[in-house]
Amino acid sequence: MEPDDLEPRVRHIFDRKLVRRGTGPYSARTDAEVDRALRRLFAAEGLGGVRIEGLKRMAGGASKEQFAFSLQHDAAPVPERLVLRMDPLESIAETCRLREAQILRAMRGVVPVPRVRFVDPEGEHLGQPGLITTFVSGVTKPTDVDSASVSGVGARFGARWAGRLAPQFLRHLVAIHDFPWRRSDLDAFAAPSAGTRQAAIRQVSWWARVWRDDRTEPVPLITWTECWLREHAPICDEPVVVHGDYRMGNFMFEEPSGEISAVLDWELAHLGDFHADLGWATQRLFGGWDERGGFLVGGLLSREAFLEQYQKLSGRVIDPEKLHYYEVLGAWKCAVMQLGPGVRVPLEGNSHQDLVLTWLASAGSVLLADIVSLMRRK
Amino acid sequence: MLPSIELRIQNLIKALSQVVLPAIDPGNALAREQAQLVIGHLQLIAVQWDKALPFEAQSLAALRELGQRLASAAEGGSATVQAAAQLREALAVREDGAALGSAIDSLIRAASADGAAGFRAQLDQAVLEHGALQAWRERVWFAGNGLDPDPSALPSIDEMLGGARPPRPA
């Protein structure tokens, strides 16, 4: 029997997914359904005189349904613009709204993040698990640069924007990794033991479980890579907060200042090795290219500059072996996501974004090619 | 003459692009994105549908070749020996790609547990070679999605099905 060292809350989310799978198919929620769901939640929270206005589905969100609205109630007479992030029946990334709320609260004041206002971890009131935060203004890609993309994948920044954004992109990543998480309320997270291989093994077990539950056909390279990742799991000296999806498309910035207004999409956050965020951010799928065809991490700066500046800012020393391991892990996780739930969820009809998921899944082979390249580079 | 599949896909794309998409409320981002994705999927299907059978046949042939390489080289402890025997049984059934893939998976896991060192080296090589070829073939198959970071390096689907092979790694 293969090792299955999962965090308890992560295991709960996966078990819950399998129970709910058969209750589909899922339809995108209408504005009226969301309005009713919000009123149920606010009643349960004891809010009186509730007024919900300007309810509007937000663009993007391949993983979660997202709605913006204004809330006014007896204790808050001035309307506040808020965002609801709600799970569809199944998602390409099946994650936990309670963990997301906890990490957002912990990160307040560390990096720019929205404030958490309400959380319904099991969907008791909303019908589906959901999280409500403050609305943050900004864009995820410059409006003056042609960068058509799906879910931020393949978007590109021009040199002018890169010059403004790259230093912040690095500074915020370092701040996340420097955060003293032991003093925070993160009880939905289970920290791996320092000085052991548990940080890496838990990530492999997480995504191996996803593959086992969601694969629609075997892919030898995915199975082989899982075995390789288990055999070569490195020791994590000191667990840090890992954002888990630190890349272009997952931060917002103001125009024209270029000031990053929010680091978003914390659903894959966990406690683990800092190399994990580096190996993820440097994925080819999340990058861009300069005019000479050179690869840019996050579409912003070269791989060498990214790693060098990270070391300089953080004082951490990047271990090339560990970085390589986490690059392989990152590519494998993306491949599992795109070829596992990316196919299974639309097959079940259980997402609001079946079309987007199959579109993204069609790029799964890019990740498989990346795994091969990374293994041959070793 | 009956309207062909190509013609009907072409009609669908035209109707969606010229009539349906412009009629969608610009403020309805989800509906606009979905319409654009429907058009994108149809454009992909238009170049794939009549080549799907040879594409699938070549994928199965590549998987069988991998299975044969592994089954003939397998060496190790009881888990590896047993998984190799099951793989040989799966190879005897010519058209069941899912069963064959599962048998290959089982042998990969078994070799990880008790495969002989020499076999494991051969397995690593064989799986990576199969993975590289299949990933390249699938990238060609879906090059029209615009998500590939290096589409200019890929041949056409017809060239790939005609026997073109990926460039050897440097």
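Trainee: What is the strand order in the open sheet of 3 strands in chain A?

Mentor: This is a predicted model, and in it the 3 strands of chain A are ordered E10-E11-E12, with antiparallel pairing. The edge strands here are E10 (288–289) and E12 (301–302) of chain A.

Trainee: What makes E10(A) and E12(A) edge strands?

Mentor: Their pairing does: each of them pairs on one side only.

Trainee: How do you know that E10(A) pairs with E11(A)?

Mentor: Pairing needs at least two bridges between the strands. E10(A) is joined to E11(A), residues 295–297, by 2 bridges, so the requirement is met. The two strands run antiparallel, and Gly288(A) has Leu296(A) of E11(A) opposite.

Trainee: Good, now the open sheet of 5 strands in chain A. Which order does this sheet have?

Mentor: Its order is E1-E2-E3-E5-E4, again with antiparallel pairing. E1 (51–57) and E4 (116–120) of chain A are the edge strands, since each pairs on one side only. Neighbouring strands of the sheet are turned by 20° against each other on average, direction ignored.

Trainee: Why do E1(A) and E2(A) count as paired?

Mentor: The threshold is at least two bridges, and 5 bridges join E1(A) to E2(A), residues 65–73, so they pair. These strands run antiparallel. As an example, Arg51(A) has Gln72(A) in E2(A) as its bridge partner. Helix H3(A), residues 97–107, packs on this sheet and touches E4(A) and E5(A), residues 130–134. Its direction makes about 160° with that of E4(A).

Trainee: What would you call the direction of helix H3 of chain A against E4(A)?

Mentor: Angles over 145 degrees count as roughly antiparallel. At about 160°, H3(A) and E4(A) are therefore roughly antiparallel.

Trainee: Let's turn to the loops. What makes the peptide bond between Gly24(A) and Pro25(A) worth a look?

Mentor: That peptide bond is cis, with omega about 0°. Pro25(A) sits in the loop between helices H1 (8–21) and H2 (31–44) of chain A. There is also a cis bond from Glu255(A) to Pro256(A), where omega is near 5°. Pro256(A) belongs to the loop between strands E7 (251–253) and E8 (260–263) of chain A.

Trainee: And what is the phi of Asp265(A)?

Mentor: It is near 50°, a positive value in a residue other than glycine. You will find Asp265(A) in the loop between E8 and E9 (270–272) of chain A.

Trainee: Now whole chains. What can be said about how compact chain A is?

Mentor: Chain A has 12 helices and 12 strands. Its radius of gyration is 20 Å, while the globule rule gives 21 Å for 378 residues, so chain A is as compact as a globular protein of that length. Its C-alpha trace spans about 60 × 50 × 40 Å along the principal axes.

Trainee: How does the radius of gyration of chain B stand against that of a compact globule?

Mentor: For 170 residues a compact globule would have a value near 15 Å, but chain B has 22 Å. The C-alpha atoms of chain B fill a box of roughly 65 × 40 × 30 Å along the principal axes. Chain B consists of 7 helices and 0 strands as far as these elements go, which reads α-α-α-α-α-α-α along the sequence.

Trainee: How many residues of chain B are in contact with chain A?

Mentor: 32 residues of chain B contact 27 residues of chain A. On the chain B side, the elements giving two or more residues are helices H2 (29–48), H5 (97–114) and H6 (117–141). H6(B) provides the largest share, 9 residues. By class, that side holds 17 nonpolar, 9 polar and 6 charged residues.

Trainee: What should I call the arrangement of H6(A) and H6(B)?

Mentor: The axes of H6(A), residues 220–231, and H6(B) come within 9 Å and cross at roughly 135°. That is not over 145 degrees, nor under 35, nor within 65 to 115, so H6(A) and H6(B) are oblique to each other. The crossing is left-handed. Pro220(A), Leu221(A) and Trp224(A) of H6(A) make the contact with Val127(B), His130(B) and Gly131(B) of H6(B).

Trainee: How do the residues of the contact of H6(A) with H6(B) divide by class?

Mentor: There are 4 nonpolar, 2 polar and no charged residues. Gly counts as polar, so Gly131(B) goes into the polar group.

How values were computed:
Residues numbered from 1 in each chain as written. Chains lettered and ligands numbered in written order. Predicted model: local features only at pLDDT ≥ 70, side-chain atom pairs only at ≥ 80, totals over all residues. Contact = placed C-beta atoms within 7 Å. Helix = DSSP H or I, 4+ residues; strand = E, 2+ residues; numbered from the N terminus. Axes fitted to C-alpha atoms, helices over the stretch in contact; angles between N-to-C directions. Left-handed = near helix turned anticlockwise from the far one by under 90°. Rg over C-alpha atoms; globule rule 2.2 N^0.38 Å.
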